[in-house]
Amino acid sequence: MYSAKDNGRNNFRFYTEEMNSQVMERLTLEHGWRLALDRNELFLVYQPQMEIATRRITGLEALLRWQHPELNLVPPDRFIRIAENSGLIVPIGEWVPRTACSQSRKWQSEGLPAVTVAVNVSAVQFRQEGFCELICRVLHETGLSAQYLELELTESLLLSSADVTFAVLKELKAMGLKLAIDDFGTGYSSLSYLKHFPVSKLKIDRSFIREVAMNPDDAAITTAIISMAKSLNLYVIGEGVEDEAQMSFLRARQCDEIQGFKATTSASL
């Protein structure tokens, strides 16, 4: 039934053993997720962001990972929806920025250059009452200056309840935080919101970057996003950059930064 619903209305599916295994895995994940935080099974990895012109690391994105005792490393696309549907995204939504800010402050105290740490914000977390107060408290308790924390939000989040969203973003901006639009290009086609919301960075989705040096359509979309961002005085960063061809393409079009696990081969803190 769920498989049929996922594929649209007026549909049907025959039962298969694969469906059974998928259901059992989902039940295992839902049960395990309720214990994951208490059991210290969650951790963060930090993906570097590099300025193309100088090849200097200017920021890090904190990415949530789950080391399940039976299923091993579980990727976010398999547990984030479970977290949101169960309501457990709220405590996780506090744990992630607190952990990331604490780690960033620790690196600074050890003498490493101060760089921005970015965290993703879910729609459920963003609409939580007192979200701005939560972020303020996290910064105060960890000792990290607001200028070194960046919140990444999706296009769909920004456009839902736009009036409320604008008020929250304005308050966050006033606190000194940086705001970025994540996975840009995969959401709404209407771009009028860009001139209204106080964001400072667009992140080009990795789906366009993957074949940007070979696929004319991806190249055209990426070029258009960079040009638009520049005309609006927005910083622009390409996600998922893993080879020289991708970086050369973005450099030639004056993209500001790149992000990826292999993007720092010749860079250093």
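## A buried cysteine and the fold around it

C132 is buried, with a relative accessible area of 5%. This is a predicted model, and its chain holds 11 helices and nine strands. Of the 269 residues in the chain, 43% are buried. Among contacts with a separation of 6 or more, 66% link residues 24 or more positions apart. Here is a friendly tour, topic by topic.

**Cysteines**

- The cysteine sulfur closest to that of C132 belongs to C136, and at 9.1 Å it is too far away for a bond.
- Searching the whole structure turns up zero disulfides.
- C101 is another buried cysteine, with a relative accessible area of 0%.

**Helix 4**

- C101 sits in helix 4, where I89, I92, G93, V96, P97, A100 and S104 are buried along with it.
- Looking down the axis of helix 4, the buried residues fall within an arc of 155°, so they line one face of the helix.
- The length of helix 4 (residues 89-109) is easy to check: at 1.5 Å a residue, its 21 residues should span 30 Å, and the end C-alpha atoms are indeed 30 Å apart.
- Just past the end of helix 4 comes G111, which has a positive phi of about 100°.

**Strand 5 and its partners**

- Strand 5 (residues 149-153) is largely enclosed by the rest of the structure, because five of its five residues are buried.
- Which residues cover the two faces of strand 5? L149, L151 and L153 lie on one side, E150 and E152 on the other, and all of them are buried.
- Strand 4 (residues 116-120) runs parallel to strand 5, and four bridges join the two.
- Within that pairing, V117 of strand 4 is found opposite L149 of strand 5.
- Strand 6 (residues 178-184) also runs parallel to strand 5, again with four bridges.
- In strand 6, K178 is the bridge partner of E150.

**Strand 1 and its partners**

- Eight of the 10 residues of strand 1 (residues 42-51) are buried, which leaves this strand mostly covered.
- Strand 2 (residues 56-68) runs antiparallel to strand 1, and 10 bridges hold the pairing.
- V45 has L63 of strand 2 opposite it.
- These two strands form a hairpin with four residues between them, and R55 in the turn takes a positive phi of about 55°.
- Strand 1 also pairs with strand 9 (residues 257-259) in an antiparallel arrangement, through three bridges.
- Q49 has Q259 as its bridge partner in strand 9.

**Nonpolar core**

- In soluble globular proteins, nonpolar side chains tend to be buried together.
- Which members of the largest nonpolar core touch the most other members? Out of 69 residues, they are W33, F126, L149, L151, L172, L202 and L250.
- Helix 6 (residues 131-142) gives the largest share of this core, with six residues.
- Two of the well-connected core members, L149 and L151, lie on one side of strand 5.
- L250, another of them, is in contact with I52, I209, T222, I226, G238, V241, C255 and I258, leaving aside neighbours within four places in sequence.

Terms used: Residues are numbered from 1 along each chain as its sequence is written. This is a predicted model: local features need pLDDT of at least 70, side-chain atom pairs count only at pLDDT 80 or more; totals for chains, interfaces and linings use all residues. Side-chain values use heavy atoms; hydrogens and water are left out. Buried means under 20% relative accessible area, exposed over 50%, partly exposed in between (1.4 Å probe, protein chains only). Two strands pair if DSSP finds at least two bridges between them. The expected span of a helix is 1.5 Å times one less than its number of residues. The arc is that of the directions from the helix axis to the C-beta atoms. A nonpolar core is a set of buried Ala, Val, Leu, Ile, Met, Phe, Trp, Tyr and Cys residues joined through side-chain atoms within 4.5 Å. Contact means heavy atoms within 4.5 Å. A disulfide is a pair of cysteine sulfur atoms within 2.5 Å.
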